[in-house]
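Dear colleague,

Please find the structure below, handed over for your files. My notes on it follow.

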Amino acid sequence: MRHRHGYRKLGRTSAHRKALLQNLSISLIEHGKIETTAVKAKELRSYVEKLITVAGKGDSNAHRAVFASLQNKEATKKLVNEVAPKYVERAGGYTRIVRTRIRRGDATPMAFIELV
């Protein structure tokens, strides 16, 4: 049973999982909408929403905290200066997951994750 288990392992080591979430987050911030597997999208949602909440403060400490997670200057700048200020009044729920199709190669459910 997985009652109250904190996260999905996604079949990867912890370092690989961290890199995957960083890369997916950077892509989502740059493009606003990406297609990935439904399970990855669900895990990415919690990761990105925490980043947006921190970035919403807009000060230099928020900038440092976001950069520590993303390790990408352009994505950090865009998140702190453009994306997060749109959601300052909103109390969470910054992303939307829309299931799209079943991937033909391995029958994995796919989904779009987008910034609301």
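Which residues of α2 meet which residues of α3? From α2, the residues are Y47, L51, V54 and A55, and they meet A62, A65, V66, S69 and L70 of α3. Please bear in mind throughout that this is a predicted model. The two helices pack with their axes 8 Å apart, at an angle of about 155 degrees. Angles over 145 degrees count as roughly antiparallel, and α2 and α3 are therefore roughly antiparallel to each other.

Helix α1

Helix α1 comprises the 18 residues from 14 to 31. At 1.5 Å a residue, a helix of this length should span 26 Å, and the end C-alpha atoms of α1 are indeed 26 Å apart, which agrees. Its buried residues are R17, L20, L21, Q22, L24, S25, I26, L28 and I29. The cover over these buried residues includes helices α2 (38-55), α3 (60-70) and α4 (73-83), together with strands β1 (33-37), β2 (95-102) and β3 (109-115). Just after α1 comes G32, which takes a positive phi of about 85 degrees.

Helix α4

At the start of α4, the backbone nitrogen of E74 has a side-chain oxygen of N72 within 3.1 Å. Within the helix, A75, T76, L79, V80 and V83 are buried. Viewed down the axis of α4, these buried residues fall within an arc of 130 degrees, so they line one face of the helix. K73, E74 and K77, on the other side of α4, are exposed. The partners against which the buried residues of α4 pack are α1, α2, α3 and β3.

Two individual residues

Is T76, a residue of helix α4, buried or exposed? Its relative accessibility is 1%; a residue counts as buried under 20%, and T76 is therefore buried. When neighbours within four places in sequence are left aside, T76 is in contact with H63, V66, F67 and L70. Two of these residues, V66 and L70, also appear among the α3 residues that meet α2.

S60 belongs to helix α3. With a relative accessibility of 47%, S60 counts as partly exposed, because that class lies between the 20% limit for buried and the 50% limit for exposed. S60 and V80 stand 20 residues apart in sequence, and their C-alpha atoms are 9.6 Å apart in space. V80 is itself one of the buried residues of α4.

With kind regards

How values were computed: Residues numbered from 1 in each chain as written. Predicted model: local features only at pLDDT ≥ 70, side-chain atom pairs only at ≥ 80, totals over all residues. Heavy atoms only, no water. Helix = DSSP H or I, 4+ residues; strand = E, 2+ residues; numbered from the N terminus. Expected span 1.5 Å × (residues − 1). Buried < 20%, exposed > 50% of the residue type's maximum accessible area, 1.4 Å probe, protein only. Contact = heavy atoms within 4.5 Å. Arc of directions from axis to C-beta. Polar contact = N/O pair within 3.5 Å; in protein donor to acceptor, adjacent residues only side chain to side chain. Axes fitted to C-alpha atoms, helices over the stretch in contact; angles between N-to-C directions. Parallel < 35°, antiparallel > 145°, perpendicular 65-115°, else oblique.
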